[in-house]
Amino acid sequence: MAEITDPENTILMELKGGTVTIQLLPDVAPQHVARMKELARAGHYDNVAFHRVIDGFMAQTGDVQHGDMEDGFNLRMAGTGGSDLPNVPAEFSKVPHARGSLGAARSSNPDSANSQFFINFKDNDFLNGQYTVYGQVIEGMEHVDAITRGEPPAEPDRMISVKVAADV
């Protein structure tokens, strides 16, 4: 089990294979970290599909509007929605898009991040400085590696539950 030194800024994401522990980076991207914790605490990430999973690149999820596989799921629309909260402005940093890093998904507008995010399968340095990094997988990356691939996957995997470690 990963050593959790800051439970208030640690996410426990339950996938089909087990738990993924993500250390959030509040000193790097405070608004993105706050949004993830707010949506996790409200249960909005539970049962949300991984709608875009590209081998050798990343796994994207977090569409709380169209991606909930238990409530109004629409595979064709998954990836086009967000939460009912306002968008989060970009918080670019020098933190690299390394394997296991959590990046904010957005449209071409840098300030359009909302609820969607991606986990990098490998170092994706070409994303550095263009997408906000706000977390790092510290345990369970093998479960991320096992997510079904596709754009979208025919049978998408989901985040079974997403919780802030301080609340567990």
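Q: Is His-97 buried or exposed?
A: This is a predicted model, and in it His-97 sits in the loop between strand 5 (58-61) and strand 6 (101-104). Being in a loop doesn't settle the matter, but the accessibility does: the cut-off for buried is under 20% relative accessible area. His-97 comes out at 0% relative accessibility, so it counts as buried.

Q: Which cavity does His-97 help to line?
A: Leaving aside residues up to four places away in sequence, His-97 touches a list that includes Asn-128, Tyr-131, Thr-132 and Val-133. Those four turn up again, along with His-97 itself, in the lining of one cavity. That cavity is the second largest.

Q: What volume does the second largest cavity have?
A: The search of the whole structure turns up 2 cavities of 30 Å³ or more. The lining of the second largest one has 4 nonpolar, 5 polar and 1 charged residues, with Glu-91 and Phe-92 among them. Its volume is about 30 Å³.

Q: Which helix gives the most to the lining of the largest cavity?
A: About 50 Å³ of space lies in the largest cavity, and its lining splits into 5 nonpolar, 4 polar and 1 charged residues. His-32, Arg-35 and Met-36 are in that lining, and the top contributor, with 3 residues, covers 30-41. That's helix 1.

Q: How many of the residues that line the largest pocket are polar?
A: Moving on to the largest pocket, about 160 Å³ in volume, we find 13 lining residues, with Ala-105, Arg-106, Ser-107, Ser-112 and Gln-116 nearest the centre. Gln-116 also belongs to the lining of the largest cavity. By class, the pocket lining has 2 nonpolar residues and 1 charged, and the polar count is 10.

Q: How many strands does the protein chain have?
A: Read from the N terminus, the elements run β-β-α-β-β-β-β-β-β-α-β-β. The α entries in that string are the 2 helices, and the β entries give the strand count: 10.

Q: Why does the chain count as being as compact as a globular protein of its length?
A: Start with the fold, which has 2 helices and 10 strands. For 168 residues the globule rule gives 15 Å, and the chain is close to that, so it is as compact as a globular protein of that length. Along its principal axes the C-alpha trace spans about 35 × 35 × 30 Å. The radius of gyration behind the verdict is 14 Å.

Q: What percentage of contacts between residues at least 6 apart in sequence join residues at least 24 apart?
A: For background, buried residues make up 50% of the 168 residues in the chain. Now take the contacts between residues at least 6 apart and keep those that join residues at least 24 apart: that share is 69%.

Q: What distance separates the end C-alpha atoms of residues 18-168?
A: An unreviewed UniProt entry annotates this stretch as "domain: PPIase cyclophilin-type". The span is 11% helix and 25% strand. Its end C-alpha atoms lie apart by 16 Å.

Q: Which residue does a cis peptide bond join to Glu-151?
A: Omega for this bond is about 0 degrees. The partner lies in the loop between helix 2 (141-145) and strand 9 (158-159). It's Pro-152.

Q: Where does Asn-47, with its positive phi, lie?
A: Asn-47 isn't a glycine, yet its phi is near 70 degrees. As for its place in the chain, it lies in the loop between helix 1 and strand 3 (48-49).

Conventions: Residues are numbered from 1 along each chain as its sequence is written. This is a predicted model: local features need pLDDT of at least 70, side-chain atom pairs count only at pLDDT 80 or more; totals for chains, interfaces and linings use all residues. Side-chain values use heavy atoms; hydrogens and water are left out. On a 1 Å grid over the protein atoms alone, a cavity is a set of points where a 1.4 Å probe fits but cannot get out, and a pocket is an open set with protein on both sides within 12 Å along at least five of seven lines; lining residues have an atom within 4 Å of a point. Grid points are joined across faces, edges and corners, and a volume is the space filled by probe spheres set on the points. Helices (H or I, at least four residues) and strands (E, at least two) are DSSP runs, numbered from the N terminus. Ala, Val, Leu, Ile, Met, Phe, Trp, Tyr, Cys and Pro count as nonpolar, Asp, Glu, Lys and Arg as charged, and the others, Gly among them, as polar. UniProt positions are given in the numbering used here, feature names are shortened, and annotations may be inferred rather than shown by experiment. The radius of gyration is taken over C-alpha atoms; the globule rule is 2.2 Å times the number of residues to the power 0.38. Buried means under 20% relative accessible area, exposed over 50%, partly exposed in between (1.4 Å probe, protein chains only). Contact means heavy atoms within 4.5 Å.
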